[in-house]
Amino acid sequence: LTPAGQKFLHHAERIEHEALSAEQHVYSADGTVSGKVRLATREGVGAWLICPKVAELNRRYPDLKLELVSEARTISLLKRDADITISLQYPSQSRVIVQKLVDYRLGLFASPNYLEEFGPIDTIEELYRRDVIWYVEAFVDIAEQRYMQRIVANSRAGFRATNILAQYVALTSGMGVGIIPVYQAAQDPALVRVLPNDVEEMRTYWLSVHPDAQALPNVRAVIDFILDIIREKKNLF
């Protein structure tokens with residue numbers, strides 16, 4: 001910022017604080033669950049966990065509007081880019097409120113057509129001769145996203161995509177073996193688990209909320225909605 005911008009910043013922050021305080025006061029006064037809540041999350045969480053239940057949330061709170069941003073890494077709660085985030089990485093922003101949402105498993109999967117065409121995979125050594133669908137290496141920018149490196153490094157490079165949903169579609173179409181959350185893939189008849197007793201990794205989803213927003217009825221309602229989904233699917237995790 002220029003020196004003039006620095007001077008203005010102090011006033012802008014005070015204006016923002018007063019506006020947020022006013023919003024919190026209005027929503028808290030009558031307990032109404034209404035208005036907009038923005039949730040930033042991993043693309044898989046949004047598509048596989050949140051979206052299938054959004055109609056249920058809408059029936060519960062018709063005046064509540066949920067906005068889903070399928071990218072949690074570049075979102076700042078402190079800048080109010082979102083009200084809630086679900087991330088793979090423990091948030092680095094010290095002023096946000098964080099809770100562990102759930103641990104989940106990652107496994108290897110392939111389509112039945114792929115296994116029929118190229119044969120079953122009964123050993124790790126056989127897996128190393130197959131195409132593995134994974135991320136574009138240059139765009140993997142958090143350590144938590146680097147899972148099953150032994151498999152990825154020793155197998156043939158198959159289809160690569162920055163988006164796990166694109167990987168999932170490639171996987172179900174028979175392009176190779178892929179690494180997918182078990183909570184999604186285990187329910188999918190288009191996929192078969194590969195080496196379930198030998199290959200599995202765990203990761204964690206973290207839920208974060210801005211401290212000024214956590215008490216708002218609409219934000220609280222969305223958090224409770226997310227926790228309900230996790231409890232409902234606890235056996236899959």
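Reader: What share of the 237 residues in the chain is buried?

Author: Buried residues make up 45% of them. Buried means a relative accessible area under 20%, exposed means over 50%, and partly exposed is in between, with a 1.4 Å probe and protein chains only. This is a predicted model, where local features need pLDDT of at least 70, side-chain atom pairs count only at pLDDT 80 or more, and totals for chains, interfaces and linings use all residues. Residues are numbered from 1 along each chain as its sequence is written, and side-chain values use heavy atoms, leaving out hydrogens and water.

Reader: How many helices and strands does the chain have, and what makes a run count as one?

Author: The chain has nine helices and nine strands. Both are DSSP runs, numbered from the N terminus: a helix is H or I with at least four residues, a strand is E with at least two.

Reader: What makes H2 largely enclosed by the rest of the structure?

Author: Seven of its eight residues are buried, so the rest of the structure largely encloses H2. The buried ones are Glu43, Gly44, Val45, Gly46, Trp48, Leu49 and Ile50.

Reader: Why is the space in this structure called a cavity?

Author: Because a 1.4 Å probe fits at its points but cannot get out, on a 1 Å grid over the protein atoms alone. The search of the whole structure finds one cavity of 30 Å³ or more. The largest cavity holds about 110 Å³. That volume is the space filled by probe spheres set on grid points, which are joined across faces, edges and corners.

Reader: How do you know which residues line the largest cavity?

Author: A lining residue has an atom within 4 Å of a point. The lining has 13 residues, with Arg42, Tyr104, Tyr135, Ile164 and Tyr205 nearest the centre. H2 (43-50) and strand S4 (97-110) each supply at least two. H2 gives the largest share, three residues.

Reader: What classes make up that lining?

Author: Ten residues are nonpolar, one is polar and two are charged. Ala, Val, Leu, Ile, Met, Phe, Trp, Tyr, Cys and Pro count as nonpolar, Asp, Glu, Lys and Arg as charged, and the others, Gly among them, as polar.

Reader: Why is the pair of Tyr90 and Trp206 called edge-to-face?

Author: Rings of Phe, Tyr and Trp (its six-membered ring) pair if their centres lie within 6.5 Å; planes under 30 degrees apart are stacked, over 60 edge-to-face, and the rest tilted. The structure holds nine aromatic pairs. Tyr90 and Trp206 are 4.8 Å apart, centre to centre, with 80° between the planes, so edge-to-face is the right word. Tyr90 lies in the loop between strand S3 (84-87) and S4, and Trp206 in strand S9 (201-209), so the pair ties together parts 116 residues apart in sequence.

Reader: And why is the pair of Tyr114 and Phe118 called tilted?

Author: Their centres are 4.8 Å apart with 35° between the planes, so the pair is neither stacked nor edge-to-face. Both residues lie in helix H4 (112-118), four residues apart, about one turn of the helix. Tyr114 is buried at 4% relative accessible area, while Phe118 is partly exposed at 46%.

Reader: What makes a set of residues a nonpolar core?

Author: Its members are buried Ala, Val, Leu, Ile, Met, Phe, Trp, Tyr and Cys residues, joined through side-chain atoms within 4.5 Å. The largest core has 63 residues, and Ile84, Leu101, Leu108, Tyr205 and Ile226 touch the most other members. Helix H9 (217-232) provides the largest share, nine residues. A second, separate core of five residues includes Ile75, Leu77, Ala82 and Val96.

Reader: Which residues does Ile226 touch, and what counts as contact?

Author: Contact means heavy atoms within 4.5 Å. Not counting residues up to four places away in sequence, Ile226 touches Leu39, Ile50, Ile86, Leu101 and Leu207.

Reader: What is unusual about phi at Met148?

Author: Most residues other than glycine have a negative phi. Met148 is not a glycine, yet its phi is positive, about 50°. Met148 sits in the loop between strand S5 (131-134) and helix H6 (149-154). Its relative accessible area is 4%, so Met148 is buried.

Note on methods
1 Å grid on protein atoms, 1.4 Å probe; cavity = no way out; pocket = protein on both sides within 12 Å on 5 of 7 lines; lining within 4 Å.
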